[in-house]
Amino acid sequence: MVTTNVAAASALRVQEIRKSFAVPDAPGTRRLVLDGISFCMDAGELVSLIGPSGCGKSTLLRLIAGLDFPDAGELLVGEEKILGPSAERGLVFQDPNLFPWLTVRRNIEAGLVARGVLHEKRNEVDEFMRLVGLEAFANSYPHHLSGGMSQRVALARALINHPKVLLLDEPLGALDAFTRMRMQDEVLRLWQNRRTTMLLVTHDIDEAIYMSDCIFVMTQAPGRIDRTIEIDLQRPRDRTSESFVRLRSQILEHLHFAGKAA
Amino acid sequence: MQLAVPVASLITFGIHLLFSKKAPPLETHSYMLLFWEIFGVSVVLAIVQSFWPALRNWMRHMWPIFTAAILLLGVWDVVTLGFHLVPLPYFPGPAAVLRSLISDRALLLDSTWHSLVLLLSGYTLGVIVGLISGVCIGWSSSVRYWGMPLLKVVGPIPATAWIPFSMVVAPSAIVSAAGLIALAVWFPVTMLTASGVSNTRASYLDVARTLGAGRAYLIFRVAIPAAVPNIFIGLFMGLGASFLTLVVAESVGVKSGLGWYVSWAQGWAEYGKVFAALVIMAAFFSTIMTLLFKLRDRVLVWQKGMIKW
């Protein structure tokens with residue numbers, strides 16, 4: 001089937017990525033942020049990346065998005081090398097970064113306009129607005145929206161391009177606890193609905209366990225993937241179940257030791 | 001409260017009657033007529049408003065200002081016609097100004113029209129060039145490297161300081177004046193457009209890139225819209241500068257327009273006409289300013305509730 005072919009090509013491969021930045025205070029010196037990161041993602045997988053702040057999670061996402069370039073190593077989507085930003089890798093930040101001068105509808109259309117395909121795909125705009133439940137706000141400007149609604153628009157805006165990989169950089173980090181849990185279900189629903197490969201950066205361990213197929217735990221800078229934890233709990237998951245709680249304490253303990261070692 | 005305006009107009013009218021006995025009747029006739037009209041209209045409004053809530057709200061908001069304005073005319077009468085507190089030929093009373101306005105309306109209208117054409121052509125030219133140069137300087141770092149020093153050195157020179165030079169270079173006084181106005185507008189518009197474009201939030205550009213945006217989209221659909229609030233500040237600063245330059249340029253070289261009219265009337269020592277032209281300028285410039293505010297409110301509707309000026 002056609003769909004499986006597309007899915008097979010959309011796996012993400014990260015190979016031996018190293019990245020350092022110049023230290024502004026000490027000219028000539030560089031700080032190593034990512035030290036040989038390697039991992040693979042299957043098509044349609046939802047993977048979380050957790051780790052202490054400053055471990056280079058966001059840097060890694062920027063590299064995969066093509067907004068920045070690694071010092072060494074290779075990044076591949078399917079068989080293609082990542083050479084720069086592209087509509088096939090969507091990115092959603094903690095701040096929704098909606099264009100404040102565009103209405104909700106026009107924000108969602110932005111990707112189609114940018115690629116010059118709005119004319120052919122106009123009907124998809126309605127579909128995506130319905131998908132995130134924002135038809136009633138089509139003509140509102142972003143400053144009228146709550147944090148959760150803004151983030152839903154940002155998700156729809158990224159998904160309308162049918163990206164092979166959706167990169168989520170702490171997308172729910174700024175939301176209050178209740179909205180956040182509702183939005184976790186929302187993202188899961190979108191994921192199950194579209195079967196988009198998603199890479200989620202978070203520092204909320206519960207969120208990582210609740211949402212992902214697999215968790216990569218990163219070490220303190222320079223970032224390295226320290227451990228991979230497969231989550232084979234049944235979906236929808238119960239945050240209070242015994243196995244959930246056991247996984248959480250396992251990861252907590254692990255992060256604690258990782259912190260001491262660094 | 002609703003009767004404040006009629007009462008104020010009666011007071012001002014009484015002041016005028018008291019002091020205008022010495023003045024020629026021709027000079028006071030239209031002024032008195034004006035007050036009868038204000039009185040009549042305000043009495044009618046005071047009656048109508050009891051049936052019409054929208055009008056009542058509007059009146060409640062505007063009446064204190066109208067009352068003050070009418071009483072101020074009375075004060076003006078007292079200071080000039082009444083006690084001659086200011087030297088007379090230079091400071092005519094309100095009645096004399098109104099008469100100048102009416103008797104010279106054809107020439108005033110013609111001057112206003114010429115000023116409008118000159119202002120708009122200079123302003124439009126300055127805005128177009130300013131937007132282009134501002135976007136180039138704001139977007140491209142190499143244009144910024146070469147353009148910014150030039151902008152910083154040449155821009156702050158008041159446009160009117162170029163008058164001797166522009167009169168030699170330009171083929172006619174009108175072209176020279178339009179060029180000066182454009183120059184006066186160009187500097188603030190360029191400066192603020194450039195700063196707006198170069199300060200576009202990097203994350204907006206990042207998001208657009210991951211949505212598949214090319215350079216044209218980044219410039220025209222991200223950087224420029226993001227700079228619009230700044231651009232409007234430049235447009236307002238440029239508008240103020242253009243009024244100043246317009247009046248100066250008209251009184252120096254151009255033989256038409258309100259600036260010319262003022263210096264012409266001054267030459268004949270007709271200060272009533274000078275004041276009449278000032279009244280027209282106040283109305284003319286504030287109308288244009290208001291139109292620009294309306295345009296801004298419409299364009300920046302997405303900022304509603306965030307604008308504080």
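How many residues does the contact take from chain A, and how many from chain B? It takes 21 residues from chain A and 16 residues from chain B, where two residues are in contact if their C-beta atoms, placed from the backbone, lie within 7 Å.

Before you click around: this is a predicted model, in which local features need pLDDT of at least 70, side-chain atom pairs count only at pLDDT 80 or more, and totals for chains, interfaces and linings use all residues. Residues are numbered from 1 along each chain as its sequence is written, while chains are lettered from A and ligands numbered from 1 in the order in which they are written.

**Stop 1: the A side of the contact**

Select 89–92 and 104–114 of chain A. These are β6 and α3, the elements that give two or more residues to the side of chain A that touches chain B. Helices (H or I, at least four residues) and strands (E, at least two) are DSSP runs here, numbered from the N terminus. Colour that side by class and you get 12 nonpolar, 6 polar and 3 charged residues. For the colouring, Ala, Val, Leu, Ile, Met, Phe, Trp, Tyr, Cys and Pro count as nonpolar, Asp, Glu, Lys and Arg as charged, and the others, Gly among them, as polar.

**Stop 2: all of chain A**

Now show chain A alone. You'll find 8 helices and 10 strands. Its radius of gyration is 19 Å and the globule rule gives 18 Å for 262 residues, so chain A is as compact as a globular protein of that length. The radius is taken over C-alpha atoms, and the rule is 2.2 Å times the number of residues to the power 0.38. Along the principal axes, the C-alpha atoms fill a box of roughly 55 × 50 × 45 Å.

Of the 262 residues in chain A, 41% are buried. A residue is buried if 20 or more other C-beta atoms lie within 10 Å of its own, exposed if 12 or fewer, and partly exposed in between, with C-beta atoms placed from the backbone. Among the chain A contacts with a separation of 6 or more, 70% join residues 24 or more positions apart.

**Stop 3: Asp35(A)**

For one long-range pairing, pick Asp35(A) in strand β2 (residues 30–41). Draw a C-alpha to C-alpha distance to Ala221(A): the two are 186 residues apart in sequence but 8.4 Å apart in space. Leaving aside neighbours within four places in sequence, Asp35(A) is in contact with Arg18(A), Pro222(A), Gly223(A) and Arg224(A). With 16 other C-beta atoms within 10 Å, Asp35(A) is partly exposed.

**Stop 4: backbone oddities in chain A**

Most residues other than glycine have a negative phi, and most peptide bonds are trans. Keep that in mind for the next three selections.

- Glu170(A) has a positive phi of about 45° although it is not a glycine. Look in the loop between β7 (165–169) and α6 (177–194); Glu170(A) is partly exposed, with 19 C-beta neighbours inside 10 Å.
- Arg195(A) is not a glycine either, yet has a positive phi of about 55°. This residue is in the loop between α6 and β8 (197–201), and 16 other C-beta atoms within 10 Å make Arg195(A) partly exposed.
- Arg235(A) and Pro236(A) are joined by a cis peptide bond, with omega about -5°. Pro236(A) is in the loop between β10 (225–230) and α8 (242–261).

**Stop 5: all of chain B**

Switch to chain B, which has 12 helices and 0 strands. Its radius of gyration is 25 Å, whereas a compact globule of 309 residues would have one near 19 Å. The C-alpha trace spans about 75 × 55 × 30 Å along its principal axes.

Colour 4–95 and 105–303 separately: these are domain 1 and domain 2, with bounds that come from an automatic or database domain assignment. Taken over C-alpha atoms, the domain centres are 37 Å apart. Buried residues are 37% of the 309 in chain B.

**Stop 6: α4(B) against α12(B)**

Last, select residues 94–103 and 271–299 of chain B. The axes of these helices, α4 and α12, come within 8 Å and cross at roughly 75°; axes are lines fitted to C-alpha atoms, for helices over the stretch in contact, and angles run from 0 to 180 degrees between N-to-C directions. The two helices are therefore roughly perpendicular; under 35 degrees counts as roughly parallel, over 145 as roughly antiparallel, 65 to 115 as roughly perpendicular and the rest as oblique.

Show side chains for Ala96(B), Val97(B), Arg99(B), Ser100(B) and Leu101(B) in α4(B), which meet Gly272(B), Lys273(B), Phe275(B), Ala276(B) and Val279(B) in α12(B). By class, that contact has 6 nonpolar, 2 polar and 2 charged residues. α4(B) is mostly covered, with 7 of its 10 residues buried, including Pro94(B), Ala95(B) and Leu98(B).
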